[in-house]
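Me: I should like to learn how to read several features of a structural model. May we go through them in turn?

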Amino acid sequence: MNFKEIIRAFFSGILLVASFAPWEPVAARSDLAIIAWIAWTPLLSCLIPIDPEKRCRHPFSAGFLMGLVFWFGTIFWLAHVTWIGMAALAVYLSLYPAVWAWVMARLGARWPSATGPVHLLLALAGASAWVTLEWLRGWMLGGFPWNFAAVSQWQNLAFIQIAEWTGVYGVSFVLVFFNLALWLTWRRLKIERFSTRAWRYEFSVALLLVAFCLMTGMRRLLAESRRGQAGEGKTVSLKLALIQPDI
């Protein structure tokens, strides 16, 4: 990898780390989870570049670097148990974004044209590949289902309501799809020199999908709120605390 590719992969990893706890503030003056909506774009800029001649020659390494930054930044506290184990686990987990980056680079090389249908196919394929790898990570070698992309949005209650039907993977899918659509739309704008002759509907589809998720979630939250108000005085509240034992 050249220096620019290293910086972009590293920056994607940093953005992902910032959107997850404990870096993402819990009490909160600001909610950094929104960073996850753009976190993949620096890496994508070298996997599916504007200029095909500048395509990343080592996409697996780029994805692996992003993974290393992310995993070392989010499971570092496991060093209290074992430094070697934490480092080995981070290296293993980084293989998954590395495979995803390799897949995206191959898809970008196979479908190089910057058209709406091609970009939608790339976004759908890329988001599907990411959640497939998340599912595999949750099962392979006993499974490690921590820090799926969707987990970054744990405070975005309206958005994550779709998990009722799709599970955590549906939330991850929409998040990664949005990142892909955002970058691919910018790529098309640059290639077409911001021409107003064509409608770049890739990003519009992503926005509609996110809007649908938010509206569906808000409707569900409002319904639950009304149900709670209607039954006020008739329900019993019980506070529970779950404490993980010292391993």
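Me: Where does Met140 lie?

Reply: In this predicted model, Met140 lies in the loop between H6 and helix H7 (163–166). Its relative accessible area is 42%, so Met140 is classed as partly exposed. Together with Trp135, Leu136, Trp139 and Leu141, Met140 forms a nonpolar patch on the surface, and the accessible area of the five together is about 590 Å².

Me: How should the nonpolar core be read, and which residues of the largest one touch the most other members?

Reply: In soluble globular proteins, nonpolar side chains tend to be buried together. Here the largest nonpolar core has 62 residues, and Trp40, Leu43, Leu47, Ile75 and Trp100 touch the most other members. Elements that give two or more residues to this core include helix H1 (3–18), helix H5 (95–110) and helix H8 (168–191). The largest share, ten residues, comes from H8. Beyond its neighbours within four places in sequence, Leu47 is in contact with Arg55, Pro59, Trp100, Ala101, Met104 and Ala105.

Me: How are the cysteines to be read, and how many disulfides does the count give?

Reply: A disulfide is a covalent bond between the sulfur atoms of two cysteines. In this model the count comes to zero. For Cys56, the nearest cysteine sulfur is that of Cys46, 4.7 Å away; the cut-off is 2.5 Å, so a pair at a greater separation does not qualify. Cys56 is buried, with a relative accessible area of 6%, and Cys213 also counts as buried, at 3%.

Me: What is the principle behind salt bridges, and how many does a search of the whole structure find?

Reply: Side chains of opposite charge can pair when their charged atoms come close. The search finds four salt bridges. In one of them, the side chains of Glu164 and Arg220 meet at 2.2 Å, N to O. This pair links distant parts of the chain, with Glu164 in helix H7 and Arg220 in helix H9, 56 residues apart. Arg220 also forms a salt bridge with Glu224, where the closest N and O atoms are 3.3 Å apart. Because Glu224 and Arg220 are four residues apart in helix H9, about one helical turn separates them. Glu164, Arg220 and Glu224 are thus linked in a network of salt bridges.

Me: Are Arg188 and Glu202 buried or exposed?

Reply: Both Arg188 and Glu202 are buried. Their side chains meet in a salt bridge (3.1 Å, N to O), which joins helix H8 to helix H9 across 14 residues of the chain. Arg188 is also among the contacts of Arg200, a residue in the loop between H8 and H9.

Terms used:
Residues are numbered from 1 along each chain as its sequence is written. This is a predicted model: local features need pLDDT of at least 70, side-chain atom pairs count only at pLDDT 80 or more; totals for chains, interfaces and linings use all residues. Side-chain values use heavy atoms; hydrogens and water are left out. A nonpolar core is a set of buried Ala, Val, Leu, Ile, Met, Phe, Trp, Tyr and Cys residues joined through side-chain atoms within 4.5 Å. Buried means under 20% relative accessible area, exposed over 50%, partly exposed in between (1.4 Å probe, protein chains only). Contact means heavy atoms within 4.5 Å. Patches are made of residues with over 30% relative accessible area and no salt bridge: like charges are joined within 9 Å, nonpolar side chains (Val, Leu, Ile, Met, Phe, Trp, Tyr) within 5 Å. Accessible areas come from the Shrake-Rupley method with a 1.4 Å probe; for residues, only the protein chains shown count as cover.
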